[in-house]
Amino acid sequence: MMKALSTSLAALLALLTSTTGHAATAATAATLKDGDIIFHTSRSAQSVAVQRATGSRYSHMGVVLLRDGKPFVFEAVSTVRYTPLAQWTARGNGGHYVVKRLRDADKLLTPGAVARLHAKTSDFAGRPYDLTFEWSDGRIYCSELVWKLYQRALGVRIGELQKIREFNLTDPAVRAKMRERYGDKVPMDEPVISPVAMFESPLLVTVETR
């Protein structure tokens, strides 16, 4: 009798946990809008180097875009692609993420503007990830994708470009990654947009943190 009761209780708890988790995911999806910019701490091999070079907690980002009413993150990973929101957030360290939105989103993200954002994704979809952070469209890294998508679709520049030489290149993890990617020929004057430059842009406001 006690064993059966324990089994039933465990099943009930599992159901409640599952239901609560589903409700939280649904609530999150309901609060997000086309064009939201989402950040997390990647668990990729280069994440620590990016964090230390830029002084940022967050090392990866993408743009939230709705497809058939469901939220996806348009991102640059091994290739530029759409990733379901739940899958994207699960990849972040501890499942933590931050969502930001244009400060004047109600005025700037009109239906026409949102349509242009969606349309411009075709310029980048399928492009390979850029391991050397070059300012070209042949290969694309995460913050470059978001910056160029907004700039080309809406004429909005989120965050200031920097040169590689302006980052912290003395950290051992950064130096090791630089040697791996560039050898002894580091393009110090290459323009770069970092996740933290966009995260700290006054054009954005935080709308969700989990």
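**Notes on a predicted model**

1. Let's start with Gln151, which sits in helix 6, the stretch covering residues 142-154. Bear in mind as you read that this is a predicted model. Is Gln151 buried, exposed or partly exposed? Its relative accessibility comes out at 23%, so Gln151 counts as partly exposed; the cut-off for buried is under 20%.

2. What does Gln151 touch once its neighbours within four places in sequence are left aside? Val156 and Arg157 are its contacts on that count. Looking further along the chain, Leu117 is 34 residues away from Gln151, and their C-alpha atoms are separated by 9.8 Å.

3. Next, have a look at Trp135, in the loop that links helix 5 (111-120) with helix 6. With 24% relative accessibility, Trp135 also falls into the partly exposed class. If you skip residues up to four places away in sequence, Trp135 is in touch with Tyr141, Glu144, Trp147, Lys148, Leu161, Glu190, Pro191 and Ile193. Val192 is worth finding too: 57 residues separate it from Trp135 in sequence, yet C-alpha to C-alpha they are 6.8 Å apart.

4. Now for helix 2, residues 47-54. This helix is mostly covered, with 6 of its 8 residues buried. Which ones are they? The buried residues are Ser47, Ala49, Val50, Gln51, Ala53 and Thr54. They pack against helix 7 (172-182) and helix 8 (195-199). Right after helix 2 comes Gly55, whose phi is positive, at about 70°.

5. On to the strands, beginning with strand 2, residues 60-67. Why call strand 2 largely enclosed by the rest of the structure? Because 6 of its 8 residues are buried.

6. Strand 2 has a partner in strand 1 (residues 37-40): the two run antiparallel and are joined by 4 bridges. To find one of the pairings on screen, go to Ile37 and look across to Val63, its bridge partner in strand 2.

7. Strand 2 also pairs with strand 3 (residues 70-76), again in the antiparallel sense, and here there are 5 bridges. Arg67 is opposite Lys70 of strand 3. How many residues lie between the strands in this hairpin? There are 2, and in the hairpin Asp68 takes a positive phi near 55°.

Conventions
Residues are numbered from 1 along each chain as its sequence is written. This is a predicted model: local features need pLDDT of at least 70, side-chain atom pairs count only at pLDDT 80 or more; totals for chains, interfaces and linings use all residues. Side-chain values use heavy atoms; hydrogens and water are left out. Buried means under 20% relative accessible area, exposed over 50%, partly exposed in between (1.4 Å probe, protein chains only). Two strands pair if DSSP finds at least two bridges between them. Contact means heavy atoms within 4.5 Å.
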